[in-house]
Amino acid sequence: MSYTNPPTVPRKSHTFDDYTLSEIRRAATTGIYDIRGAGAKRKVPHFDDLLFLGASMSRYPLEGYRERCDTDVVLGSRHAKKPLHLKIPITIAGMSFGSLSANAKEALGRGATIAGTSTTTGDGGMSPEERGQSKTLVYQYLPSRYGMNPEDLLKADAIEIVIGQGAKPGGGGMLLGQKITDRVAAMRTLPKGIDQRSASRHPDWTGPDDLEIKILELREITDWQKPIFVKVGGARPYYDVALAVKSGADVIVVDGMQGGTAATQEVFIENVGMPTLACIRPAVQALQDLGMHRKVQLIISGGIRNGGDVAKALALGADAVSIGTAALVALGDNDPTHEAEYEKLGTTAGAYDDWHEGKDPAGITTQDPELMARLDPVLAGRRLANYLKVMTLEAQTIARACGHNHLHNLEPEDLCALTVEAAAMARVPLAGTDWIPGRDRL
Amino acid sequence: MPTVDLAATELRALNQALHELSDGTNESRWEIVNPRGSHAVAVGVNAPVEIDIRGSLGYYCAGMNRRAKITVHGSVGPGVAENMMSGEVVVKGDASQYAGATGQGGLLVIEGNASSRCGISMKGIDIVVRGNIGHMSAFMAQAGHLVVCGNAGDALGDSIYEAKLFVRGSVKSLGADCIEKPMRPEHIEVVAKLLDRAGITDIKAQEFRRYGSARKLYNFNIDHADAYG
């Protein structure tokens with residue numbers, strides 16, 4: 001028997017994987033960081049790592065389709081004369097006209113209205129299409145103040161002061177020149193075609209003491225009628241929520257790192273902020289410690305995809321959730337019917353995230369009139385409404401199985417975790433045990 | 001003429017009363033006394049009325065003003081006339097930070113000095129400051145005119161877009177992408193008109209220098225990365 005040198009299988013590095021190598025080559029060629037849309041794509045502990053226990057000997061279930069399981073939520077009851085009354089606890093997150101086409105904004109308004117929920121403006125002001133088709137519209141108050149004016153403020157049903165978002169806590173908005181058309185430019189008081197990098201801090205206040213006065217001003221301007229939301233990126237949820245309560249917020253939105261953005265540096269999206277799952281319990285804890293849980297409402301966003309996720313977020317203490325990326329997918333974003341065009345753009349359906357380039361084959365993240373015309377706002381709105389209804393039905397199914405007659409009656413005791421990490425973050429026991437890692441330190 | 005004593009009247013009641021004013025109201029002149037440094041006084045007004053405030057104020061006086069002429073016979077805290085759309089706000093004393101921030105229209109006159117970030121992110125407002133302005137003024141200023149009869153602090157006009165800045169005195173330093181530009185006759189005319197509207201008669205428009213955007217940061221270029229700081 002003779003021995004030769006046996007060949008080894010070529011081995012690629014985990015550290016320098018194909019994506020990493022391609023990114024190094026891309027950076028070396030172009031001299032600019034990679035910009036893209038959407039949220040974190042890396043795998044992080046998420047709602048998939050939690051399970052509901054369902055009813056058993058100690059709890060009895062409610063009959064599916066027969067016994068009631070309510071889904072309504074009131075947002076803004078702390079100070080506002082006119083809080084929002086929504087049929088479902090799933091709202092549409094802020095996305096700007098500019099990053100999205102006018103048809104897409106209209107479709108979001110239509111879908112939300114049919115489903116009985118709210119939609120939200122973005123960094124670029126309120127468009128007539130959106131206001132016209134949205135029964136309940138939340139008007140974002142952002143550092144850039146693009147398109148901010150008292151007339152639209154008074155037309156809004158609520159005001160959301162944006163301090164940060166999950167995809168980029170600490171980062172400002174970004175809309176590159178390709179999408180700054182005449183109309184977008186006019187709404188933002190900017191020259192056409194320039195790269196628009198919004199400020200990351202508000203221009204006229206800094207810190208929670210100032211924010212308290214800013215909220216007072218907005219309440220005075222609107223005669224204390226409109227709920228005031230404060231939105232933060234998932235960074236320091238316990239302290240951010242506590243400070244937002246102190247500042248006088250009616251509603252607090254906490255957006256985890258899977259939450260999407262129209263355009264930001266890849267390195268920012270993937271390396272700054274915390275997973276949504278890790279944000280909820282500290283946020284709820286802050287409200288509970290201040291005696292404000294259910295008095296100041298908590299909206300959780302970032303990677304909500306189905307009724308299971310909705311139910312889990314609510315079980316952990318949220319009053320409602322918000323969706324952005326999933327809503328765009330419901331409209332038609334990344335749909336495989338456009339695969340040939342995605343391939344021409346060097347990507348594939350499901351991975352397309354160059355939203356900043358304005359070439360979206362689905363007509364959603366674009367200002368190109370031809371592409372935009374592909375999206376029928378009525379049909380797309382109907383699709384979104386269907387999706388919202390399905391999510392609600394799914395969440396109700398789970399809640400009934402856990403014996404609850406309202407989604408808000410879901411509780412952490414309905415859950416267990418599949419991983420130690422998820423158990424620690426969600427503060428529920430590891431499946432089959434009574435072990436909540438870190439419980440003794442709370 | 002209605003006189004509102006803020007020592008005896010809730011802020012909410014004052015602002016509500018001002019919001020209920022309509023065009024052609026007989027109550028076209030208001031006086032507010034004893035403001036005692038209150039925040040958010042006379043915010044969101046939308047009527048062609050004149051409001052005189054006797055005393056100094058806190059944050060956001062005259063915020064989001066539309067059409068009213070509001071005169072403060074004292075000094076103001078941060079964010080006076082923030083996001084003003086139209087009308088006129090006159091401050092007889094000094095102004096703190098962010099005066100006229102994000103304003104989209106109207107005229108803000110500060111007869112004393114303004115602190116840092118005066119005209120930050122301005123979007124069409126005209127601001128005339130009789131005295132000096134602090135650092136980082138006109139940061140990311142998009143549109144409108146800032147006329148400063150005194151001196152400007154550090155980093156004037158950092159990351160400026162299309163706003164036009166005019167300073168009569170010294171500029172401690174210019175911010176990224178802000179450069180001095182020639183004063184042409186049309187600029188002298190603009191400054192002269194604004195000085196006139198501000199009631200400043202002892203200073204000549206020809207004494208100002210003009211600053212604005214070099215427009216080098218409008219589209220990202222890696223070779224300009226140092227300018228992004």
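Chain B has 229 residues and a radius of gyration of 18 Å, which agrees with the value near 17 Å for a compact globule. The radius is taken over C-alpha atoms, and the globule rule is 2.2 Å times the number of residues to the power 0.38. This is a predicted model, in which local features need pLDDT of at least 70, side-chain atom pairs count only at pLDDT 80 or more, and totals for chains, interfaces and linings use all residues. Residues are numbered from 1 along each chain as its sequence is written, while chains are lettered from A and ligands numbered from 1 in written order.

## The two chains

The C-alpha trace of chain B spans about 60 × 35 × 30 Å along its principal axes. Chain B holds 2 helices and 11 strands. Helices (H or I, at least four residues) and strands (E, at least two) are DSSP runs, numbered from the N terminus. Read from that end, the order in chain B is β-α-β-β-β-β-β-β-β-β-β-α-β.

Chain A has 15 helices and 16 strands. Its radius of gyration is 22 Å, close to the 22 Å that the globule rule gives for 442 residues, so chain A is as compact as a globular protein of that length. Along the principal axes, the C-alpha atoms of chain A fill a box of roughly 80 × 65 × 45 Å.

Burial is counted on C-beta atoms placed from the backbone: 20 or more others within 10 Å means buried, 12 or fewer exposed, and in between partly exposed. By that count, 54% of the residues in chain B are buried. For chain A the figure is 57%.

Contacts use C-beta atoms too: two residues are in contact if these atoms, placed from the backbone, lie within 7 Å. In chain A, among contacts between residues at least 6 apart in sequence, 67% join residues at least 24 apart. In chain B, residues 24 or more positions apart account for 25% of the contacts with a separation of 6 or more.

## Where the chains meet

At the interface, 37 residues of chain B are in contact with 22 residues of chain A. On the chain B side, the elements that give two or more residues are α1 (11-19) and β7 (123-129). α1(B) gives the most, with 5 residues. By class, the chain B side divides into 17 nonpolar, 15 polar and 5 charged residues. Here Ala, Val, Leu, Ile, Met, Phe, Trp, Tyr, Cys and Pro count as nonpolar, Asp, Glu, Lys and Arg as charged, and the others, Gly among them, as polar.

## Helix packing in chain A

Two packed helices are described by the angle between their axes and the distance between the axes. Axes are lines fitted to C-alpha atoms, for helices over the stretch in contact, and angles run from 0 to 180 degrees between N-to-C directions.

| Helix pair | Angle | Axis distance |
|---|---|---|
| α2(A) and α14(A) | about 40 degrees | 7 Å |
| α6(A) and α7(A) | roughly 40 degrees | within 8 Å |

α2(A) is oblique to α14(A). α6(A) and α7(A) are likewise oblique to each other. Angles under 35 degrees count as roughly parallel, over 145 as roughly antiparallel, 65 to 115 as roughly perpendicular and the rest as oblique.

α2(A) passes α14(A) in a right-handed crossing. α6(A) also passes α7(A) in a right-handed crossing. A crossing is right-handed if the near helix is turned clockwise from the far one by less than a right angle, and left-handed if anticlockwise.

Residues of α2(A) in the first contact include Leu108(A), Gly111(A) and Ile114(A), and those of α14(A) include Val378(A), Leu384(A) and Leu388(A). That contact has 10 nonpolar, 3 polar and 3 charged residues. In the second contact, Pro208(A), Leu211(A), Glu212(A) and Ile215(A) of α6(A) meet Leu243(A), Lys246(A) and Ser247(A) of α7(A). The classes there are 4 nonpolar, 1 polar and 2 charged.

α7(A) covers residues 237-247, and 8 of its 11 residues are buried, so this helix is largely enclosed by the rest of the structure. Among the buried ones are Pro237(A), Asp240(A) and Leu243(A). Their cover includes α6 (207-221), β11 (228-233), β12 (251-255) and α9 (276-289) of chain A. Just after α7(A), Gly248(A) takes a positive phi of about 105 degrees.

## Positive phi in chain B

Most residues other than glycine have a negative phi. Ala42(B) is not a glycine, yet has a positive phi of about 55 degrees. Ala42(B) lies in the loop between β2 (29-33) and β3 (50-54) of chain B. It counts as buried, with 28 C-beta neighbours inside 10 Å.

Asn83(B), also not a glycine, has a positive phi of about 55 degrees. Its place is the loop between β4 (69-73) and β5 (88-91) of chain B. Asn83(B) is buried, with 31 other C-beta atoms within 10 Å.
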